[in-house]
Structure formats: C-alpha cells, structure tokens
Amino acid sequence: RVWFLNSDDNDTYDYEYGTVAAVHGDEGDQQEVTIEWDTGVDRERARLSELGRVEWLGDDTAADVIANLKEFRAESLDGAEVANAESVVLSPEHLRKEIEAIRWLRQ
C-alpha cells in the first residue's frame with residue numbers, strides 16, 4: 001500500500017492498495033515497477049522513489065484481503081455520508097468478488 005496526503009484536507013494521510021505487476025531494472029533509486037491499483041485505475045509505471053511512503057504487504061494474505069474489503073466499504077460509506085445519501089449501491093460484480101474473497105478466507 002502507498003501512503004499519500006489526503007487531497008481534501010492536505011493534513012491527514014490515506015493510502016491506496018496496489019499489486020506490483022512487474023519490476024524493471026536493477027535494485028536502487030532508479031528501479032521502476034508497474035503497479036496495478038486496486039481502485040481499477042489503469043496500470044502505472046513509476047520509480048519506487050517517486051511513490052513516497054510504501055508498505056510491502058503480503059506476508060499475511062488473509063489480512064490483506066480483509067483490509068481491502070474494509071477499505072472499500074469505508075470509502076463507500078464515507079462517500080454516501082458526504083453526499084447525504086440514504087443508501088450505498090454496490091455492483092453485482094463487486095458483491096460476487098466479495099463473496100469469493102470471503103469463501104477463500106473460510107477455506
């Protein structure tokens with residue numbers, strides 16, 4: 001996950017999850033990675049040094065899955081509260097993916 005300053009208040013930190021899809025070059029400041037963001041944004045190629053604060057996850061896949069599910073739901077709820085909405089809509093495809101993840105966790 002990559003940490004960044006929240007653009008709304010520029011004072012608190014937030015983070016985005018992504019998967020390193022490819023590593024380019026030798027280790028060091030100039031090494032680049034291709035990242036596939038969990039937010040659905042197209043893949044991005046960037047230098048590791050440009051990403052700022054990075055935490056490498058993966059030792060506990062189950063914890064990573066739970067954190068991703070929690071983050072998505074929290075963002076949906078926050079968005080609904082900001083919009084003063086009475087409900088949150090999730091796509092059937094997203095719900096299918098959540099169910100698959102929960103089934104995987106139970107195995």
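Start by selecting Glu98: at 10% relative accessibility, this residue counts as buried, because buried means under 20%. Keep in mind as you go that the model in your viewer is predicted. Glu98 sits in helix α2. Now show what surrounds Glu98: leaving aside residues up to four places away in sequence, Glu98 touches Leu69, Phe72 and Arg73.

**Stop 1: the helix around Glu98**

Widen the selection to residues 92–106, which form α2. What distance separates the end C-alpha atoms of α2? They are 21 Å apart, which agrees with the 21 Å that 15 residues should span at 1.5 Å a residue.

Next, colour His94, Glu98 and Ala101, which are buried in α2. Turn the view until you look down the axis of α2: the buried residues fall within an arc of 60 degrees, so they line one face of the helix. A general rule helps here: an α-helix has 3.6 residues a turn, so residues three or four places apart point the same way.

Now swing round to the other side of α2, where Pro92, Glu100, Arg103 and Arg106 are exposed.

**Stop 2: the partner helix**

What do the buried residues of α2 pack against? Select 61–82 and you have the answer, α1. This helix has 22 residues, and the reach from its first C-alpha to its last is 32 Å, close to the 32 Å expected at 1.5 Å a residue.

Pick out Asp64, Val65, Leu69, Glu71, Ser76 and Ala80, the buried residues of α1. Looking down the axis of α1, you will find them within an arc of 165 degrees, so they line one face of the helix. On the other side of α1, select Lys70, Glu81 and Val82, which are exposed.

Before moving on, step just past the end of α1 to Asn84, which takes a positive phi of about 55 degrees.

**Stop 3: where the two helices meet**

Show α1 and α2 together. In general, two packed helices are described by the angle between their axes and the distance between the axes. Here the axes of α1 and α2 come within 10 Å and cross at roughly 150 degrees. The two helices are therefore roughly antiparallel to each other. The crossing of α1 past α2 is left-handed.

To see the contact itself, display side chains on both helices. From α1 come Thr61, Ala62, Val65, Ile66, Leu69, Phe72 and Arg73, and they meet His94, Leu95, Glu98, Ala101, Ile102, Trp104 and Leu105 in α2. You have already met Leu69, Phe72 and Arg73 as residues that Glu98 touches.

**Stop 4: a strand residue**

Leave the helices and select Ala46, in strand β5, residues 44–47. Is Ala46 buried or exposed? At 6% relative accessibility, Ala46 counts as buried.

Add Glu32 to the selection. Ala46 and Glu32 are 14 residues apart in sequence, yet 5.3 Å apart in space, C-alpha to C-alpha. Glu32 is one of the residues that Ala46 touches; the others are Gln31, Val33 and Leu51, not counting residues up to four places away in sequence.

**Stop 5: the whole chain**

Finally, zoom out. How many helices and strands does the protein have? There are two helices and five strands, and along the sequence they follow the pattern β-β-β-β-β-α-α. Colour by burial, and buried residues make up 19% of the 107 residues. Among contacts between residues at least 6 apart in sequence, 29% join residues at least 24 apart.

Terms used
Residues are numbered from 1 along each chain as its sequence is written. This is a predicted model: local features need pLDDT of at least 70, side-chain atom pairs count only at pLDDT 80 or more; totals for chains, interfaces and linings use all residues. Side-chain values use heavy atoms; hydrogens and water are left out. Helices (H or I, at least four residues) and strands (E, at least two) are DSSP runs, numbered from the N terminus. The expected span of a helix is 1.5 Å times one less than its number of residues. Buried means under 20% relative accessible area, exposed over 50%, partly exposed in between (1.4 Å probe, protein chains only). The arc is that of the directions from the helix axis to the C-beta atoms. Contact means heavy atoms within 4.5 Å. Axes are lines fitted to C-alpha atoms, for helices over the stretch in contact, and angles run from 0 to 180 degrees between N-to-C directions. Angles under 35 degrees count as roughly parallel, over 145 as roughly antiparallel, 65 to 115 as roughly perpendicular and the rest as oblique. A crossing is left-handed if the near helix is turned anticlockwise from the far one by less than a right angle, and right-handed if clockwise.
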